[in-house]
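Reader: Before we discuss this model, I would like each term to be set against its criterion. Could you take me through it in that way?

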Amino acid sequence: MESSFSAYLAAGIGAALTVIGAGFGIGKLASAAMEASSRQPEALGDIRTSMIIAAALIEGVSLFALVICILLALK
Amino acid sequence: MIDTTDLGKDTLHSSESSSGSWIIDHIVDSNVLDFEPLGVIHLPSFDINLFGITFHFAITKHVVFLWIAALIVAILMIFTARSYKKSLVPKGVANLVEMIIEFIKYEIVTPTIGEKYVKTFLPFLGTIFFFILTCNLLGLLPYGATATSNISVTGSLALLSFIMTQFAGIKKNGVVGYFKGLIPHGVPVFLLPIMFVVEVLGLFTKPFALMIRLFANMTAGHVVILALIGLIFILKTPFISPVSILFALFIYLLELLVALIQAYIFTMLSSLFIGMAIHQEH
């Protein structure tokens, strides 16, 4: 079994797990933001800003894992 | 056990080159500016021998695009500043730039750094925002390259942000006071060494995260677009092109949004770290 086979496999599985984690996290975030903005429509601007910041931070973490997957796939 | 010796020889790999390497070739730095099919421009590179070490300097594609972005930002700002001599009410481009700078000043810098230090840090943060935005958007033009998809570029930007943070914190609190203020009070004495190590490490992970976030966001978008369009060539059929181009267009629009958001996030996080270094009460 050549090692690049397992490297590609690991990269694929890693990317899939990363996307699951990021999707779950950002989905939870978005649902909380929707609920909060429906309870208090005046705070919509602040909520939207905080939501975008938090989404970018969560996505940043998931992109750490993506970079590792790219390194694996390029071996 | 699965016999994997023939796995590399299926239809996708029947051509000579491996089907993945052209994506990488379009993303990474290169020594030529290519305007296919019109031709290529070869960029100079030279070696300097100093103190026995050979430094290899090369002007690469990303360096050229960094210069272009710097030129665009400089010309835009000089033009805007000059238009204020005629009238205090801005018109045209100056209007747009003033709107963006006001957004940065009142929504990003003032809530995190506070009114007193806005004048000190607004030039740095505004420049970072416009520079990253320009670099990101230049990569979306035809024949353009994203300078921020190079980890050295994002590393330098994160390093600048790190230096600015430490400089701000040490200037306000003094060297000893700054490091003492890193540790929250109310911590039992036997935990102090490990808290100190953890906090110092935390000082370094934040710019590291800034670097990786910007780099990965910019690279990933371009890889997805190239992979979708490359499906047409890999599957060797023109019938997939409507689907492929439609998806690629959608991702392209998303890329536009991501370019804006990433510039905003970098600036906002830099300003947050500077604010945290200045006002050290947790």
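Author: Let us begin with one helix of what is a predicted model. The buried residues of α5(B) pack against α2, α4, α6, α7 and α8 of chain B.

Reader: What makes residues of α5(B) count as buried, and which are they?

Author: A residue is called buried if 20 or more other C-beta atoms lie within 10 Å of its own. In α5(B) the residues that meet this criterion are B:Val153, B:Thr154, B:Leu157, B:Ala158, B:Ser161, B:Thr165, B:Ala168 and B:Gly169.

Reader: How do you know that the reach of helix α5 of chain B is close to what is expected?

Author: The expected span is 1.5 Å times one less than the number of residues. Helix α5 of chain B, residues 151-173, has 23 residues, for which 33 Å is expected, and its first and last C-alpha atoms are 32 Å apart, so the reach is close to the expected value. The helix is followed by B:Gly174, whose phi is positive, near 80°.

Reader: What does the same reasoning give for α2(A)?

Author: α2(A) has 30 residues and reaches 42 Å from its first C-alpha to its last, which is close to the 44 Å expected at 1.5 Å a residue. Its buried residues are A:Ala56, A:Glu59, A:Gly60, A:Ser62, A:Leu63, A:Leu66 and A:Cys69, and the buried residues of α2(A) pack against α1 of chain A together with α7 and α8 of chain B.

Reader: Why are β1(B) and β2(B) called paired strands?

Author: Two strands pair if at least two bridges are found between them. Strand β1 (residues 32-35) and strand β2 (residues 39-42) of chain B have 4 bridges, in the antiparallel sense, and therefore count as paired. One of the bridges joins B:Phe35 to B:Gly39 in β2(B), and a hairpin of 3 residues connects β1(B) to β2(B).

Reader: What is the wider pattern of chain B, and how does its radius of gyration stand against the globule rule?

Author: Chain B has 8 helices and 4 strands, in the order α-β-β-β-β-α-α-α-α-α-α-α along the sequence. For a compact globule of 282 residues the radius of gyration would be near 19 Å, whereas chain B has 24 Å. Its C-alpha atoms fill a box of roughly 65 × 65 × 50 Å along the principal axes, and 24% of its residues are buried.

Reader: What makes a set of residues a nonpolar core, and which residues touch the most other members of the largest one?

Author: The members must be buried nonpolar residues joined through C-beta atoms within 7 Å. The largest such core has 44 residues, of which B:Ile128, B:Phe129, B:Ile132, B:Ala147, B:Ala263 and B:Phe266 touch the most other members. The elements that give two or more residues to this core are α2 of chain A together with α2, α3, α4, α5, α7 and α8 of chain B, and α8(B) gives the most, with 11 residues. Leaving aside residues up to four places away in sequence, B:Phe129 touches B:Ile104, B:Ala263 and B:Thr267.

Reader: How many residues of chain B are in contact with chain A, and which elements give two or more of them?

Author: With C-beta atoms within 7 Å as the criterion, 11 residues of chain B are in contact with 11 residues of chain A. On the side of chain B, the elements that give two or more residues are α7 (192-235) and α8 (241-278), and α7(B) gives the most, with 6 residues. By class, this side of chain B has 8 nonpolar, 2 polar and 1 charged residues.

Notes
Residues numbered from 1 in each chain as written. Chains lettered and ligands numbered in written order. Predicted model: local features only at pLDDT ≥ 70, side-chain atom pairs only at ≥ 80, totals over all residues. Nonpolar A, V, L, I, M, F, W, Y, C, P; charged D, E, K, R; others polar. Rg over C-alpha atoms; globule rule 2.2 N^0.38 Å. Buried ≥ 20, exposed ≤ 12 C-beta atoms within 10 Å, placed from the backbone.
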